[in-house]
Every structure is written in C-alpha cells, then in structure tokens.
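Student: I would like to learn how to read helix packing and sheet order from a model. Could we work through one example together?

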Amino acid sequence: MTAAGHARSTPATGTNMPEIDGDRLWADIVSTARFGGTDKGGVTRLTLTEEDRQVRDWFVAECRSLGCMIEVDRIGNIFATYPGEDPSLSPIAVGSHLDTQPQGGRFDGILGVLAGLELIRTLKETATVLRHNLTVVNWTNEEGSRFSPAMMGSGVFAGASRLEAIDAVLDQDGTSVQTALETIGYRGETPVGQVGFAAYVELHIEQGPLLEAAATQIGIVTGVQGVRWFDVAITGTEAHAGSTPMAQRNDALVAASQIVLAVRDIAHRHLPGVGTTGFVAVGPNSRNVVPGAVQLQIDMRHPSEEGLDLMQAALEQIVGAIDAKIALTHIWSKQPVVFDPAIVDAVRASAEALGYSTTEVVSGAGHDAAHIAGICPTAMIFVPSKDGLSHNEAEYSSPEECARGAGVLLQTVLQIDLK
Ligand SMILES: [Zn+2]
C-alpha cells in the first residue's frame, strides 16, 4: 500500500529535525479500530462505555511504557506527560478524543491522540528533549452522543460548565456521567482545570470536503464558526382544502416555505455563512386541510460575530415582512472562536517547511480546541477527509495524509518549544 518513505514526513530543508514514523502511526490507527470495531470497518465507541475503557487502558499503557506520567481528572480527561528539560514551564499540550459516534469512523478524534503518542515515540527514539513537558490529552465525551453536551471534558476543563452539573447528566438508560466514570475506572483524582498549558494544538480530520476539493494537503485552521439557533412558530387558520377560496386562506405552511427559502438566500448573501432549516412540524399535517400551525428550527453559522449579526438581522427583517402571525425566537448561540495568531503562524510555517500545500479553513464542526482556546493559545491542523465523510463508517484519510498531519504537529510543537 505504502512504502515507509512515503508515509514519513520528510522536511524539505533536510535538517536534522526529528521525523515522525507514518507507518507506526498508521499501525496504531488500524489496531485501535478494534476497540468497538464494527463489521463494516467503522467504530462504535461511545464515551465511558466498556469499549472506551479498553482504548483508554491501551493508551495509558502505551504512554506509561514510554516514560509518561499519567494524570486523570475528575471528569475523566487523561493527561499523559512526557518530561522536558524545564518542569517549571507549563506543558505544551496536543490531543483530541478517543470516543466516537455510533457507527462512527476510525479517524475522528483518535487521530489527534495517536499523533500525540507518535510525537512522544519520536522524541524518545531520537533522544530529543524539549524545554517544555509535552502532554497528550484525551478529552472525555467530545461527541455528545451518549451524554449531552458534546465537548464535555474540555468544557468543564475550560470552565464553560460546572463539574457538579455535568456529573448529574443522565444517558438514555438513566446512568449518570459520574456513575459511568466510576464504572470504567476513570473518575480520576486530579481537580478539573488544575493543569495549565503553554499552548494547545489539535490535529483532526477535516470532516468536510474543502481540502480534498482543493487538492490541499494541510488545513490551517484559523477558528471555529459561531452558531445561532432559532425556533419559529407560524400560526395560520386550519380550513377545508376544498371549500376555502384561495383568497381567504391563512396557510401557515406557505408562510413557512418563504422562511425556508429566505434562510438559504441569506446564507448565500453572507458566505461563508451557512443556513439550514432542519426541522419542520406541520399541523394538522393532513392532505385536505389548509395547515394551521407550523414550527421550524433554523441553524445559522458564520466565522464572525458580525456575520451572524447580519444574518440574524436579515432573517428578522424577512420574517417581519411576511403577511402572517409569526413568532421568531433566538434560543441558543455559540460565539465564533478565533485561534491564536502566533500558534496559527507556527502551524503554517511548519507545513511550509515540510513542503506541504496549505489552505486556511474555519472549522464547520465544534472541537475540544474551541473550549481550550479560551484558556491558552490554541490552534488546529486538519487533514483531508475522503469525500468529506465523517460520523460514518466509511470515514477515511490515507496513511500519507495522517502522516503529514502528525509531521506538521511535531514541527509545530518544536517551534512553540523554542519560544
Ligand atoms: Zn472529533
């Protein structure tokens, strides 16, 4: 499939910089897919399940064997720290998450953790000693599939949510986060948020089609787009579909249709914004009744707060101009995240030094790095996803793509370490 030379990240400069071993990284990706592996080659490894325990135990054992110190905090985040020269400096952190969606893939999350492990193997093998400690992190429950909200471990770590509240969150079977942590042995002793970082860099698959479409090897992630959610309730008048003349109708679904189209048009006018009406409920939902009530759920996203403001204002204006009784409610939002320019520059310089093609991207999906950006200088590295697929058993990034990402991660850490 691939010769060892292809999967290595070879610096174009030909310096004596340490290089990651892409074949070794790929072997880890293949072998860890057995934890929760599915018949179709995907992975079902929901957070804090037996399968999650197995991959955590494997990760901890590997890191211990390399000489790492392991800490587990109260929300089950794992910190594997490889010692540097100066323990008085805050560690440089890399990592991501080991949990997956149901019928998820082999790359989402675990690539960033395994790349961190590969960095430690490379440092040890080449007897490279950093100034900073290097900490590889596994964040608990990034996916949010079993317990809500997503990005739970990093959220508590960064102070976005309180441990006591999160401990009490229940899954569908009525099991709490705290009980699930205790059951798999990952209710750690370390207080959450006690570990501070000099910087955090997360390698992840893109989970979208842009890098592949542009034939670009590395995505330099400058931030994570913001989100606003709106609920819409439209009240019309239920009436007989045969005996009600067209001029006398008050059709809630016709009004809703104008909003659905407006959401699409607003996004087109505010690119790279995106807008989706993903939920429609029609009452009474009967062929021969003029709809009397419609509910819509709208999701709008944009990399900037100003962009979100403009999109919301446009939506409000259009809704206000429709001749119907409409209640538009802004129910939830998440602010855009802008990553640290110095760390983003380090990622760019690293990718360029390795001779890789790059594109700046704003992440469309949420990531642990979005929380961590609030407490230390943070950035992300993306590698292409085949056909843009993710949260899917067919999710795929090639050995070479994974190796390039890990190579950029290593060079970025080396650059940050110099400062
Ligand atoms: Zn992920």
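**Reading a helix pair and a sheet**

Tutor: Let us begin with two helices in this predicted model: the axes of helix H2 (residues 22–32) and helix H13 (residues 399–418) come within 9 Å and cross at roughly 110°.

Student: What does a crossing of roughly 110° say about how H2 and H13 are oriented?

Tutor: Angles of 65 to 115 degrees count as roughly perpendicular, and H2 and H13 are therefore roughly perpendicular to each other. Their crossing is right-handed.

Student: Which residues make the contact between H2 and H13?

Tutor: On H2 they are Gly22, Leu25, Trp26 and Ile29, while H13 contributes Pro399, Glu400, Cys402, Ala403 and Ala406. By class, the residues of this contact comprise 7 nonpolar, 1 polar and 1 charged.

Student: How should I approach a sheet?

Tutor: In general, the strands of a sheet pair through backbone hydrogen bonds, in either a parallel or an antiparallel manner. Here, an open sheet of 4 strands follows the order E9-E11-E7-E12, and its pairing is antiparallel.

Student: Which strands lie at the edges of this sheet?

Tutor: Strand E9 (274–283) and strand E12 (325–334) are the edge strands, each of them pairing on one side only. Neighbouring strands of the sheet are turned by 15° against each other on average, if direction is ignored.

Student: What packs on the sheet?

Tutor: Helix H9 (residues 252–269) does, touching strand E7 (226–235) as well as E9, E11 and E12, and the direction of H9 makes about 170° with that of E9.

Student: How many bridges join E9 to E11?

Tutor: There are 9 bridges between E9 and strand E11 (residues 293–302), which run antiparallel; as one instance, threonine 277 has isoleucine 298 in E11 as its bridge partner.

Technical notes. Residues numbered from 1 in each chain as written. Predicted model: local features only at pLDDT ≥ 70, side-chain atom pairs only at ≥ 80, totals over all residues. Pairing = 2+ DSSP bridges. Helix = DSSP H or I, 4+ residues; strand = E, 2+ residues; numbered from the N terminus. Axes fitted to C-alpha atoms, helices over the stretch in contact; angles between N-to-C directions. Contact = placed C-beta atoms within 7 Å. Parallel < 35°, antiparallel > 145°, perpendicular 65-115°, else oblique. Left-handed = near helix turned anticlockwise from the far one by under 90°. Nonpolar A, V, L, I, M, F, W, Y, C, P; charged D, E, K, R; others polar.
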